Amino acid sequence: MAAFRWEALDDLARYDRLHHTDYVKTLDCYLRCERNLALTSKELFIHRNTLIYRVSRLSRLLDCDLEDAAVRLRLLLCLEWMAKQE
């Protein structure tokens, strides 16, 4: 299962701790809600525009295309693996 590890997610978790942000949680929710902005915003209790900003920021921080299905699948698997490690 360690093969699914993505160092960028470790960096993102570190960024969250240092800057008191919730990018890992946002990414997880966004992917689990199948990129539905309205549902994700509701789940996270944030404004839709805030979510749009965060998704854009996530794409830059992770240096990946969140529109790519293969990338999203890998991220979901990595997030699941990370959650089981905690």
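The following exchange asks how labels such as buried, bonded and bridged are earned in this predicted model.

Reader: How do you know that helix H1 has the span expected of a helix?

Author: Helix H1 covers residues 7-19, which is 13 residues. At 1.5 Å a residue they should span 18 Å. The end C-alpha atoms are 18 Å apart, so the two values agree.

Reader: Which residues of H1 are buried, and what do they pack against?

Author: Ala8, Leu9, Asp10, Leu12, Ala13 and Asp16 are buried. The buried residues of H1 pack against helix H2 (23-32), H4 and helix H5 (69-85). Just after H1, His20 takes a positive phi of about 55°.

Reader: What makes a set of residues the largest nonpolar core here?

Author: Membership needs burial, a nonpolar residue type and side-chain atoms within 4.5 Å. The largest such set has 26 residues. Those with the most contacts inside it are Trp6, Leu9, Leu12, Leu27, Leu62, Leu66 and Leu75. H1, H2, H4 and H5 each supply at least two residues of this core. In soluble globular proteins, nonpolar side chains tend to be buried together.

Reader: Which residues does Leu12 touch beyond its sequence neighbours?

Author: Not counting residues up to four places away in sequence, Leu12 touches Tyr23, Val24, Leu27, Leu58, Leu61 and Leu62.

Reader: Why is Leu61 called partly exposed?

Author: The relative accessible area of Leu61 is 30%. Buried means under 20% and exposed means over 50%, so a value in between is partly exposed. Leu61 is therefore partly exposed. This residue is found in helix H4 (residues 48-62). Leaving aside neighbours within four places in sequence, Leu61 is in contact with Leu12, Tyr15 and Tyr23. The C-alpha atoms of Leu61 and Leu9 are separated by 9.3 Å, with their positions 52 residues apart along the chain.

Reader: How do you know that Cys29 is in no disulfide?

Author: A disulfide needs two cysteine sulfur atoms within 2.5 Å. By this rule the count comes to zero disulfides. For Cys29, the nearest cysteine sulfur is that of Cys33, 4.0 Å away. That is outside the cut-off, so Cys29 is in no disulfide. Cys29 counts as buried, at 13% relative accessibility.

Reader: What makes Cys64 too far from another cysteine for a bond?

Author: The closest cysteine sulfur is in Cys78, and the sulfur of Cys64 is 10 Å from it. The limit is 2.5 Å, so no bond is assigned. Cys64 is buried, since its relative accessible area of 12% is under 20%.

Reader: Why is Arg72 said to have no salt bridge?

Author: A salt bridge requires a side-chain nitrogen of Lys or Arg within 4 Å of a carboxyl oxygen of Asp or Glu. The nearest side chain of opposite charge to Arg72 is Glu67, 5.3 Å away. That misses the cut-off, so Arg72 has no salt bridge, yet it is buried. Arg72 lies in helix H5. Not counting residues up to four places away in sequence, Arg72 touches Leu31, Arg35, Leu66 and Glu67.

Reader: How many salt bridges does a search of the whole structure find?

Author: Five.

Reader: What makes Arg14 and Asp11 a salt bridge?

Author: Their closest N and O atoms are 2.5 Å apart. The cut-off is 4 Å, so the pair qualifies. Arg14 and Asp11 both lie in helix H1, three residues apart, about one turn of the helix. An α-helix has 3.6 residues a turn, so residues three or four places apart point the same way. Arg14, at 40% relative accessibility, counts as partly exposed. Asp11, at 43%, also counts as partly exposed.

Reader: Why is the pair of Glu80 and Arg32 said to tie together parts apart in sequence?

Author: The closest N and O atoms of Glu80 and Arg32 are 2.8 Å apart, and they form a salt bridge. Glu80 lies in helix H5 and Arg32 in helix H2, so the pair ties together parts that are 48 residues apart in sequence. Glu80 is partly exposed at 30%, and Arg32 is partly exposed at 45%.

Reader: How do you know that Lys84 is bridged to Glu80, and is Lys84 buried or exposed?

Author: The closest N and O atoms of Lys84 and Glu80 are 3.4 Å apart. That falls within 4 Å, so the pair is a salt bridge. Lys84 and Glu80 are four residues apart in helix H5, about one helical turn. Lys84 has a relative accessible area of 62%, which is over 50%, so it is exposed.

Reader: Which residues are linked in a network of salt bridges?

Author: Asp28, Arg32, Glu80 and Lys84.

Note on methods
Residues numbered from 1 in each chain as written. Predicted model: local features only at pLDDT ≥ 70, side-chain atom pairs only at ≥ 80, totals over all residues. Heavy atoms only, no water. Buried < 20%, exposed > 50% of the residue type's maximum accessible area, 1.4 Å probe, protein only. Contact = heavy atoms within 4.5 Å. Expected span 1.5 Å × (residues − 1). Lys, Arg positive; Asp, Glu negative; His and termini not counted.
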